[in-house]
Amino acid sequence: MSTLFDVTTEAPAATTAAGPRPTTIPRVIGLDVAMGTTGIAGEGWTDHVRAKGQSQHSRFEQQLAGIADHIRHADFVVIEGAAFSKNNQGADALSAMRWMVRHDLWKRRIPYAVVNPDHRIIYAVGTAAPKDADTGLRLKGEPLKAVVRQAVAETYGIVTEGLAKYDEADAYILMAMGLHWLGWPLAVVGDERRRALDSVRWPERAAVTAR
């Protein structure tokens, strides 16, 4: 893989978004929900919840409790949806986990949106199928995750580290999409990236801004 996708240890300054920033904007949280490690992000920060329970039920409980700590005061949450092209033994449990998070948000009356993984990648790098600069082959797996992480560092000045670095980077893109849709983009992004917003089923904007 090309070194183009290697993140440097020192983050560049985030690109300044167009227009003045208001003093108060909605608190948007991005969630890359998973059974093992959930990436979480808000403006300027990232975190994660790691479930280590021996049973699936205990992992559900650990994830829900950890996620709740981060979303309880949110005005809006953007969640990564399912990649329907993938079919594995853990898909059923992951789908249940995502729906439990949505149900918790519903009970708390917190509006949310669900973003397809392809649309998240488009918003991050401009295409759902980025290619390796050296081989011209479509990136998959960890190299694909790395290019999104690189985009987060270059666009927003946020370098995610550790075992959850890719999950946290994904969550940051989701959060940035939510703020952009609300009218407060964190950075100037081109039309090839901004088009991803048009493919998301967003809630009524007033339901978010009125909180």
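## A guided tour, from one salt bridge outward

Begin by selecting Arg108 and Asp104, which form a salt bridge whose closest N and O atoms are 3.0 Å apart. The two partners differ in their surroundings: Arg108 is partly exposed, with a relative accessible area of 31%, whereas Asp104, at 17% relative accessibility, counts as buried because the limit for that class is under 20%. Keep in mind throughout that this is a predicted model.

**Colour by confidence**

Before going further, colour the chain by pLDDT. The average over the chain is 88, and 86% of the residues score at least 70. Now select residues 1-16, where pLDDT stays under 50 and for which the model has 39 contacts beyond four places in sequence.

**The other salt bridges**

By the rule used here, the count of salt bridges comes to 6. Select Arg72 and Asp69 next, whose side chains meet in a salt bridge with an N to O distance of 3.0 Å. Arg72 counts as partly exposed at 38% relative accessibility, while Asp69 is exposed, with a relative accessible area of 52%.

Then move to Asp170 and Arg120, which form a salt bridge with the closest N and O atoms 2.9 Å apart. This pair links distant parts of the chain, since Asp170 sits in helix H5 and Arg120 in helix H3, 50 residues apart. Are these two residues buried or exposed? Both Asp170 and Arg120 are buried. Add Glu80 to the selection, and you have a network of Glu80, Arg120 and Asp170, joined by salt bridges that share partners.

**Strand E2 and its neighbours**

Select residues 37-42, which make up strand E2. All 6 of the 6 residues in this strand are buried, so strand E2 is largely enclosed by the rest of the structure. In a regular strand the side chains alternate between the two faces of the sheet. To follow this on E2, highlight Thr37, Gly39 and Ala41 on one side, then Thr38, Ile40 and Gly42 on the other; both faces are covered, and every one of these residues is buried.

Show strand E1, residues 28-32, alongside: 3 bridges join E1 to E2, and the two run antiparallel. A hairpin of 4 residues connects E1 to E2, and within the pairing Asp32 stands opposite Gly39 of E2. Next bring in strand E3, residues 45-50, which is joined to E2 by 6 bridges and also runs antiparallel to E2. Here Thr37 stands opposite Arg50 in E3. The hairpin of E2 and E3 has 2 residues between the strands, and in this hairpin Gly44 takes a positive phi near 85 degrees.

**The nonpolar cores**

Turn now to the side chains packed inside. Which residues have the most contacts inside the largest nonpolar core? That core has 38 residues, and those with the most contacts inside it are Phe76, Tyr123, Tyr156, Tyr172, Ile173, Met177 and Trp202. To see where its members come from, select in turn strand E4 (76-80), strand E5 (112-115), helix H3 (117-125), helix H4 (141-156) and helix H5 (165-182), each of which supplies at least two residues of this core. The largest share, 11 residues, comes from H5. Apart from this core lies another, of 17 residues, among them Val33, Val49, Phe60 and Leu105.

**Aromatic pairs**

The last stop concerns the rings, of which the structure holds 4 aromatic pairs. Select Phe76 and Trp202 together: they form a tilted pair, 6.2 Å centre to centre, with 50 degrees between the planes. Because Phe76 lies in strand E4 and Trp202 in the loop between helix H6 (191-194) and helix H7 (205-209), the pair ties together parts that are 126 residues apart in sequence. Both Phe76 and Trp202 are buried.

Then select Tyr156 and Tyr172, another tilted pair, with 5.4 Å centre to centre and 55 degrees between the planes. Tyr156 lies in helix H4 and Tyr172 in helix H5, so this pair ties together parts that are 16 residues apart in sequence, and both Tyr156 and Tyr172 are buried. To finish, return to Phe76 and Trp202 and add Trp181, since ring pairs link Phe76, Trp181 and Trp202 into a cluster.

Key:
Residues are numbered from 1 along each chain as its sequence is written. This is a predicted model: local features need pLDDT of at least 70, side-chain atom pairs count only at pLDDT 80 or more; totals for chains, interfaces and linings use all residues. Side-chain values use heavy atoms; hydrogens and water are left out. Buried means under 20% relative accessible area, exposed over 50%, partly exposed in between (1.4 Å probe, protein chains only). Two strands pair if DSSP finds at least two bridges between them. pLDDT is the predictor's confidence in each residue, from 0 to 100. Contact means heavy atoms within 4.5 Å. A nonpolar core is a set of buried Ala, Val, Leu, Ile, Met, Phe, Trp, Tyr and Cys residues joined through side-chain atoms within 4.5 Å. A salt bridge is a side-chain nitrogen of Lys or Arg within 4 Å of a carboxyl oxygen of Asp or Glu. Rings of Phe, Tyr and Trp (its six-membered ring) pair if their centres lie within 6.5 Å; planes under 30 degrees apart count as stacked, over 60 as edge-to-face and the rest as tilted.
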